[in-house]
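User: Please take one part of this model and examine it closely. I would like a connected account, with the criteria behind each term stated.

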Amino acid sequence: MIRILICTVAALFLANGAIAQEKQTAQQERMKTCNAQASKKDLKGDERQAFMSECLSADAAKKGSAKQTAQQEKMKDCNAQASKKDMKGDERQAFMSKCLSADGGKASAKQTAQQEKMKSCNAQAGKKDLKGDERKAFMSKCLSA
């Protein structure tokens, strides 16, 4: 009975290993290719490490789009700003969201004016306790004025 159990467990480990080998990620493939190149050049120690670093980053840069790289740079800058301001938790999250937005958190004057008008009209409609179609009509008139 114990032999059967041991054989079953061993078979599962072997099968699991075979499945894992089939599912190599793109990063593992790059690593394999760069490793083979380093071995061909007979590189050792720091030389090999420097070559591997350059090979892996160069390969990733070739595959990365310019847009992705720009977004990564923006993320890096925003992260640095948040760290500099020692932001944490919700405050950091709000800052990062605003910083990473399309306009970098610098809303145009026109957009801000429209937002202010919307707030004002909404407050007036609330004071007048307007609902449904009556509220829609008032908001439309107020915003177009």
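Analyst: What follows is a close look at helix α2, followed by its partner helix and the related links elsewhere in the chain.

The model is predicted, so local features are reported only at pLDDT of at least 70 and side-chain atom pairs only at pLDDT 80 or more, whereas totals for chains, interfaces and linings use all residues. Residues are numbered from 1 along each chain as its sequence is written, and side-chain values use heavy atoms, without hydrogens or water.

Helix α2 covers residues 26-40, a helix being a DSSP run of H or I with at least four residues, numbered from the N terminus. Its 15 residues reach 21 Å from the first C-alpha to the last, close to the expected 21 Å; the expected span is 1.5 Å times one less than the number of residues. The buried residues of α2 are Arg30, Cys34 and Ala38. Viewed down the helix axis, these buried residues fall within an arc of 70° and so line one face of α2, the arc being taken over the directions from the helix axis to the C-beta atoms. Lys32 and Lys40 are exposed residues on the face turned away from that buried side. In these terms, buried is under 20% relative accessible area, exposed is over 50%, and partly exposed lies in between, with a 1.4 Å probe and protein chains only. Just after α2, aspartate 42 adopts a positive phi of about 55°.

Cys34 and Ala38 also belong to the largest nonpolar core, together with Leu43, Phe51, Met52, Cys55 and Leu56, 7 residues in all. Helices α2 and α3 (45-63) each supply at least two of these residues, and α3 gives the most, with 4. Such a core is a set of buried Ala, Val, Leu, Ile, Met, Phe, Trp, Tyr and Cys residues joined through side-chain atoms within 4.5 Å.

The two helices are also joined covalently. Cysteine 34 forms a disulfide with cysteine 55, with an S to S distance of 1.9 Å; the criterion is a pair of cysteine sulfur atoms within 2.5 Å. The angle about the S-S bond is -80°, a left-handed link. Because cysteine 34 lies in α2 and cysteine 55 in α3, this pair ties together parts that are 21 residues apart in sequence. Both cysteines, 34 and 55, are buried. Leaving aside residues up to four places away in sequence, cysteine 55 touches Cys34 and Gln37, where contact means heavy atoms within 4.5 Å.

This link is one of 3 disulfides found in the whole structure. Cysteine 78 and cysteine 99 have their sulfur atoms 1.9 Å apart, and their link is left-handed at -80°. That pair connects helix α4 (residues 66-84) with helix α5 (residues 89-100), across 21 residues. Cysteine 121 and cysteine 142 likewise form a disulfide at 1.9 Å, left-handed at -80°. Here cysteine 121 is in helix α6 and cysteine 142 in helix α7 (residues 132-144), so the pair ties together parts 21 residues apart in sequence. Cysteine 78 and cysteine 99 are both buried, as are cysteine 121 and cysteine 142. Numbered in sequence order, the bonded cysteines of the protein chain pair as 1-2, 3-4, 5-6.

Key
Helix = DSSP H or I, 4+ residues; strand = E, 2+ residues; numbered from the N terminus.
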